[in-house]
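Here is a set of short exercises to work through with the model open beside you. Try each task before reading its solution.

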There are 2 protein chains.
Amino acid sequence: MAGDGSDQRALQYEQTLMYGRYTQELGVYAKEEAARLRESGQKRSIGDRSRSLDLLEYEKGRCAKCRICTVRCQKFLISRVGEDWIFLILLGLLMALVSWVMDFCIAICLQAQKWMYAGLESNVFLQYLAWVTYPVVLITFSAGFTQILAPQAVGSGIPEMKTILRGVVLKEYLTFKTFVAKVIGLTCSLGSGMPLGKEGPFVHIASLCAALLSKFMSLFGGIYENESRNIEMLAAACAVGVGCCFAAPIGGVLFSIEVTSTFFAVRNYWRGFFAATFSAFIFRVLAVWNRDEETITALFKTNFRLDFPFDLQELPAFAVTGIASGFGGALFVYLNRFFVLFMRKQKAINRFLIKKRLLFPAVVTLVICTLTFPPGFGQFMAGKLTQKESLVTFFDNLTWAKQGIAAEFDYMGHSQAWRHPQVNVFVTLLIFIIMKFWMSALATALPVPCGAFMPVFVIGAAFGRLVGESMAAWFPDGIHSDGTIYPIVPGGYAVVGAAALSGAVTHTVSTAVIVFELTGQISHILPVMIAVILANAVAQSLQPSLYDSIIKIKKLPYLPELGWGHHEKYNIRVEDIMVRDVRYITLNCCYRDLHNILLTGHLKTLALVESAESMILLGSIEHSQLQLLLSQQLGRFRRLQYIREQAAEEKKRLSQVSNPSSEDSNQRASQEVRFQISTEESSFIPPRPVLQKPLKPALKRSSVAERPAEIPTSPHDNSGIALKNLFCASQDTEGLEDDGDVEDDMTIREIAEWEEKQLDEQVNFSNCKIDPAPFQLVERTSLHKTHTIFSLLGLDHAYVTSIGRLIGVVSLKELRKAIEGSVTVKGVKVRPPLASFRDSGTSGTSSSENEATELHKLWDRHRSVSLPREHVPSESDEKSQ
Amino acid sequence: MAGDGSDQRALQYEQTLMYGRYTQELGVYAKEEAARLRESGQKRSIGDRSRSLDLLEYEKGRCAKCRICTVRCQKFLISRVGEDWIFLILLGLLMALVSWVMDFCIAICLQAQKWMYAGLESNVFLQYLAWVTYPVVLITFSAGFTQILAPQAVGSGIPEMKTILRGVVLKEYLTFKTFVAKVIGLTCSLGSGMPLGKEGPFVHIASLCAALLSKFMSLFGGIYENESRNIEMLAAACAVGVGCCFAAPIGGVLFSIEVTSTFFAVRNYWRGFFAATFSAFIFRVLAVWNRDEETITALFKTNFRLDFPFDLQELPAFAVTGIASGFGGALFVYLNRFFVLFMRKQKAINRFLIKKRLLFPAVVTLVICTLTFPPGFGQFMAGKLTQKESLVTFFDNLTWAKQGIAAEFDYMGHSQAWRHPQVNVFVTLLIFIIMKFWMSALATALPVPCGAFMPVFVIGAAFGRLVGESMAAWFPDGIHSDGTIYPIVPGGYAVVGAAALSGAVTHTVSTAVIVFELTGQISHILPVMIAVILANAVAQSLQPSLYDSIIKIKKLPYLPELGWGHHEKYNIRVEDIMVRDVRYITLNCCYRDLHNILLTGHLKTLALVESAESMILLGSIEHSQLQLLLSQQLGRFRRLQYIREQAAEEKKRLSQVSNPSSEDSNQRASQEVRFQISTEESSFIPPRPVLQKPLKPALKRSSVAERPAEIPTSPHDNSGIALKNLFCASQDTEGLEDDGDVEDDMTIREIAEWEEKQLDEQVNFSNCKIDPAPFQLVERTSLHKTHTIFSLLGLDHAYVTSIGRLIGVVSLKELRKAIEGSVTVKGVKVRPPLASFRDSGTSGTSSSENEATELHKLWDRHRSVSLPREHVPSESDEKSQ
């Protein structure tokens, strides 16, 4: 129950062995967001007014002009600080610094390992110990550190950002603690030399930076409190994250769009470009200043010939690379999910490992490091190269294999690692690919901050290199027939393979742009594009993207994409997928109806209709608001009031001398407050902002989960019997301290009677937060359009109306079912076979009839379990307004 | 009133001297679209059923299996044809062919001119004639041809595509005639050697191809009839257009997104990538097959050094180039608009030129060609080079100026054109820039199919080259200090300048990607990005983009972008900009109210509320639908029916022998038909699909414009007096042929009386097309969010409701005003100063009171001008449903 308002707005995070899991659905967030925004808007406008009052105050002073000038300057500065571009530049600068410092630390970590390894060359066992212990310690530290400080920092971050950009608030996902945990955890896990990447986490880190910067900047200007602006800034931050990680501004923007958005605003694209370019610029300038480079160039600069990059007849080989990468990408996603789900399923191991959280990462690291130990098996897979070094070797401009005999080539620098006295370069490449493949899939499932992009990229480059070397061995003098000999460039294949495999795993085409920016050459544009598109086509038809897979594993709220080419989606209508049995309340219902609805309900929002006959949709009300209404009606406060009133009446009856007691004035005051509140009805301010529905705390205990709907309305609140009946768990009599004067001397019997009376009163909705314009669809809206609208507006449910009459409701769940049905089962129409017959019988009444019978059933059930009561018809005909 | 349904759905095109102008607002299209879609959906489902019947039929035959197999194969093929990727491949192939063939023809045209020019070297006058006549003839032909065949083909096409992708249907914009006109017109105008581009028109041509291909493919499969799918395909087509024009698939996709969309779906981005890559591939493969190239490379391949592309200290020069380009871009847009508006304003010239349409392009061409005549002034601006050739010279890897003395450099090939014996290379470049600048701005305003991207790109490259040459002259040994000498590469500056200026004119950053793809080198990525972003920042703060400027000139329906950095947009609420005085009709109104509303209305849609007291919004009805209702009520058909009924009663009264006459059976039949129609009410099929509101024909005459609301409801329709009163123009008694049997023997007095009676009846909305879920907003929705929703959903108006009560309406107009107010006037809040006071008084009643008084006024006014009538209270209390 702890925490401020922002905590309450967040999704709950449940920690599991590998990935965490989110345990709540989308639900109420949009509404609460809106309410919060409204509040803050009000607060701000009050602030504005007070500021202008300050100004007036100043004018009365002596050196008034001077002061006014100061205030104006201050105001001007504040308004400037509110400008987007200042924020974006700061964000870019910050991220570039973070990226550079992290790269620096990682490089030092990796050098330290190498130095230790080289220093102990005399003793293989000591060497092995050094080789293995170092990463194990780092990874274990990383896992432990993040788990203690902020378990949200685990994993990539792109799936979560995708969810956040859809409008869902994830609990503690953008806090300073998470930032620290992510940065330090990522540095350690990358410094260990495991096959992990920094791209995904960088998206998260950039978003954290943006969120924190926003908070910091809000000290100067009010604009940073705006929620929709923050979402836009987060979208830009994602671009910055990828951009400054690879020094690839364009690719970064596109990649972040592809992996985080379904619909994208061109104005955000702008922001992304601006910030990512600035960030990439600073990132590379830092390298120049540090004398690492002479000038700004690409991160993995290649030097392929420009005049004849590839022959037209090589295109089939590129296409084959693309298709194979597609299958490989799908396999990678499958493997990654398999590891996670396998570990979850094994209950026994799971229980053991959850106790010893750090054992699992340590064991995995040990196994992987043992296999890559250079004097051991690592000699067959260039185990001593770091990811960066192997990438450089893959992209180099030389051909390793001549005529199939690798030995005769004079290897230089790191390329030497690929030469083995006994085995062929093809074999080392193949072993490298196979081993790294499962290692990366396993390593990225570790509970440390890590991304999968870079390992996949390296594997793709290795695969491309393998194909390229094979081609070079097959056609030693190139394919081109007329005149000049253009030998085949295996490095070009490596570029193509890297783009294709990473594209297949992430389901993006912008990896093509990223490789151009990484290598600084665009000459292979057509092969890369062709391979990436083919790889995507294959991978998308087999598996979801890695990020969608993680979203599913983590149970984040999501909406699947509409596949393309399946034209059933145009034929399915909302009427085929909607739930006709809508749960609603009428404007003139009494509290008893509310009670019954709440007794059976698990929906987050209920439709408010004018009356059961007209079924005209007026708005939607949250479940929690109704609980609040009911608890106010049946609460201790009202009961005491009732007792007081009775007592006062009695007093009045006994002695006609009117002597207003302190209780009475208290009471009147509270009534006045109440009245004041109800005048604000038209602007929909929640009467008591603190009375929000509490969500479960971060690490929920099972006992807490038992009582999900306990409402801390006020210290004086004491739920009545019916209310307790409703929230059937907590029977403890908390907060039973008395008002002082009036005693709660009613017996349980009396309370029940009083409650019965109260329940028959008509509901007064005036103090209730109502969403006055819930989204409405028409029966014949197509699935395609519905999906578009849901993903555009980040909806969670929409009502289906027909000339104002409510006839159904579609929620994310139905939509998801319909899409998954229509997308996976080929050619199967979700529209039921009898839909056309059903159409003719469709009318508003059928659904309300259903509803009525449903209600009746519920009522009956309730009557049998509850106190014996008089049956009151639920739809009374008088109107409240 | 000619034309089929699709014609009626389109915006009207008014031909003017330079650009055409669209004369109608967004209005009714969405609704009619929806109705049309519904119809076609119904048709299709019927078709499906009949197809399965066919299958059953076959089974009875002898070689049933064989036939079933055939049918299945056919079905399979049809379903495959419906797949997106087949369509996209076909589109890509087609566009690549079109692009290549056009390039080929243009090259031949240009060669022919050169050949003529070279052949007549002996005589300067003849040479001049040849140099001038050839382009004049081509441009005049192009202008004439397009104006005769399809005036919609004039201009770029990107502004129109932007509008179409927003959901507006432009009349005859995507027809085969337009395709032919655009392709031939563009070939001629580009073949003339004028400073015109092919990019914009290619977007249009690709869209035309997609639309025509869709139509063609719909012969095989039904999916091609779906409207929203077609919009998606058009978005992909725009990408293909740019992509195959420059062989730049990535840049093409991004550019098309930036210039045509406000929000884009990532799934369309996919389609664009696929089709554009395929198209660019085929386009370049054609060049290889034609032996123009040895292999696939970039269109304007550069060969800058890779190891040290630029020094860090050159960045300020790049930034200056960017900022200057920003100013230049804004100036170009201003100049282009100035030319168009200037020509429009000069009434006298305008009238003369409209008569002699072809004179204007001819004169402009003559002037421009005279100035570029190589032996004349053209010698100072490399007049003999085509656009392509000058671009190649700008991008080349050599430095023209050494130490400021241009002469000592050994010019090769086309670069020679820049050397002039008397003047410096700087002067020739400067003259080239200045002359081409206004020439391009003028030429792109010509009424021929043409784009402005390429000319701007060339000017930008020239400007960059000028900066680069200056830098090279200033720092002959480069700037880099330690060790190696890296001379400055002026070609790199040309690349930066080209991207920056074209980015500034079009307000895009993707021009950066386009230059990388065009030059095949990405080494200058950071300078290009920085320059493009700076240029955009400058240009966007000064002028709208070229395409938005044309949209304004052409009066296409549009919604301005929200500028960034102006945070007022978050503080303005819908309640500040909405129109509180909503025009509405009630469910229980009588025809007289309808009549009154229609008499004063010019709105396209009216809100339908439950009653004037409750103001609960039920839906919206089109103006035309109400006219239809009224005309049906007061029409000749009903009057004749009334006469018949009276006659029948009289007959019955006279003779009790019932003898059903032929008229009676006729009448009953028609009533039955009517009944049948009204049962279909629930699925919202318009009872008579032909009864749609006719729009004006393409080339409207002034006389037609006078009678905009004439309704051809049926041949038997004869508007009554009140109706004629309403549509006050056409008094001609058209279609007065009689029914044959019953005579219309009522006098005008009687008709008036009958109409009075009819007007007092309650409106029966059952035959009326109602939009049951118009978009609703809440009072406190921010301007920012409203803009987002309007542009996301392509809305034209939205109702503002408060718990179901209608309290206001926001249309595109109000939104546009609010945005333009908040964007252009810095720091000025559109929220009126008294808004906060007004808030407290806001409730549903005040607006309905306003409405009521407004209605009352209208009523009074109407009473004074119309026939003397009894005042009937407009809100009767009985309900129709």
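**Exercise 1. Domains of chain A**

How far apart do the C-alpha centres of domain 1 of chain A and domain 3 of chain A lie?

Solution. Keep in mind that this is a predicted model.
- Step 1: find the bounds. Chain A is divided into domain 1 (80–290), domain 2 (312–355 + 379–401 + 414–554) and domain 3 (574–634 + 764–820).
- Step 2: take the C-alpha centres of domain 1 and domain 3 of chain A, and you get a separation of 40 Å.

**Exercise 2. A salt bridge across chain A**

Find where the partners of the salt bridge between A:Glu232 and A:Arg271 sit, and decide whether they are buried or exposed.

Solution.
- Step 1: check the contact. The side chains of A:Glu232 and A:Arg271 come together at 3.0 Å, N to O, and the cut-off for a salt bridge is 4 Å.
- Step 2: place the partners. A:Glu232 belongs to helix H9 of chain A and A:Arg271 to helix H11 (residues 266–289) of chain A, so this pair, 39 residues apart, links distant parts of the chain.
- Step 3: look at burial. Both A:Glu232 and A:Arg271 are buried.
- Step 4: put the pair in context. Over all chains, the count is 14 salt bridges.

**Exercise 3. A network around an arginine**

Work out which residues are linked with A:Arg465 in a network of salt bridges, then look at B:Arg465 in chain B.

Solution.
- Step 1: start with one pair. A:Glu469 and A:Arg465 form a salt bridge through their side chains (3.0 Å, N to O).
- Step 2: locate the pair. Both residues are in helix H17 (residues 453–474) of chain A, with a spacing of four residues, about one turn of the helix.
- Step 3: test for burial, which means under 20% relative accessible area. A:Glu469 has a relative accessible area of 0%, so it is buried. A:Arg465 is buried too, with a value of 0%.
- Step 4: complete the network. A:Asp396, A:Arg465 and A:Glu469 are its linked members.
- Step 5: turn to chain B. Here the side chains of B:Arg465 and B:Asp396 form a salt bridge (3.3 Å, N to O). B:Arg465 is in helix H17 (residues 453–474) of chain B, while B:Asp396 is in the loop between helix H15 (387–394) and helix H16 (425–443) of chain B, so the pair ties together parts 69 residues apart in sequence. B:Arg465 and B:Asp396 are both buried.

**Exercise 4. Phi at a histidine**

What is the sign of phi at A:His507, and what is it at B:His507?

Solution.
- Step 1: recall the background. Most residues other than glycine have a negative phi.
- Step 2: read the angles. A:His507 has a positive phi of about 60°, although it is not a glycine. B:His507 also has a positive phi, of about 55°.
- Step 3: locate each residue. A:His507 sits in the loop between helix H18 (490–506) and helix H19 (511–519) of chain A. B:His507 sits in the loop between helix H18 (490–506) and helix H19 (511–519) of chain B.
- Step 4: check accessibility. A:His507 is buried because its relative accessible area is 14%. B:His507, at 14% relative accessibility, counts as buried as well.

**Exercise 5. Two surface patches**

Which residues gather in a patch of positive charge on the surface, and which form a nonpolar patch there?

Solution.
- Step 1: collect the charges. The positive patch consists of A:Lys347, A:Arg351, A:Lys355 and A:Lys356.
- Step 2: examine one member. A:Lys356 lies in the loop between helix H13 (347–355) and helix H14 (359–372) of chain A. Its relative accessibility is 48%, so A:Lys356 counts as partly exposed.
- Step 3: collect the nonpolar side chains. A:Leu331, A:Tyr334, A:Phe338 and A:Phe342 make up this patch, and together they have about 380 Å² of accessible area.
- Step 4: examine one member again. A:Phe342 is in helix H12 (residues 315–345) of chain A. With a relative accessible area of 38%, A:Phe342 is partly exposed.

Terms used: Residues numbered from 1 in each chain as written. Chains lettered and ligands numbered in written order. Predicted model: local features only at pLDDT ≥ 70, side-chain atom pairs only at ≥ 80, totals over all residues. Heavy atoms only, no water. Patch = residues over 30% accessible without salt bridge, like charges linked within 9 Å, V, L, I, M, F, W, Y side chains within 5 Å. Areas by Shrake-Rupley, 256 points an atom, 1.4 Å probe, with all protein chains shown as cover. Lys, Arg positive; Asp, Glu negative; His and termini not counted. Charge placed at Lys NZ, Arg CZ, Asp CG, Glu CD. Helix = DSSP H or I, 4+ residues; strand = E, 2+ residues; numbered from the N terminus. Buried < 20%, exposed > 50% of the residue type's maximum accessible area, 1.4 Å probe, protein only. Domains from an automatic or database assignment.
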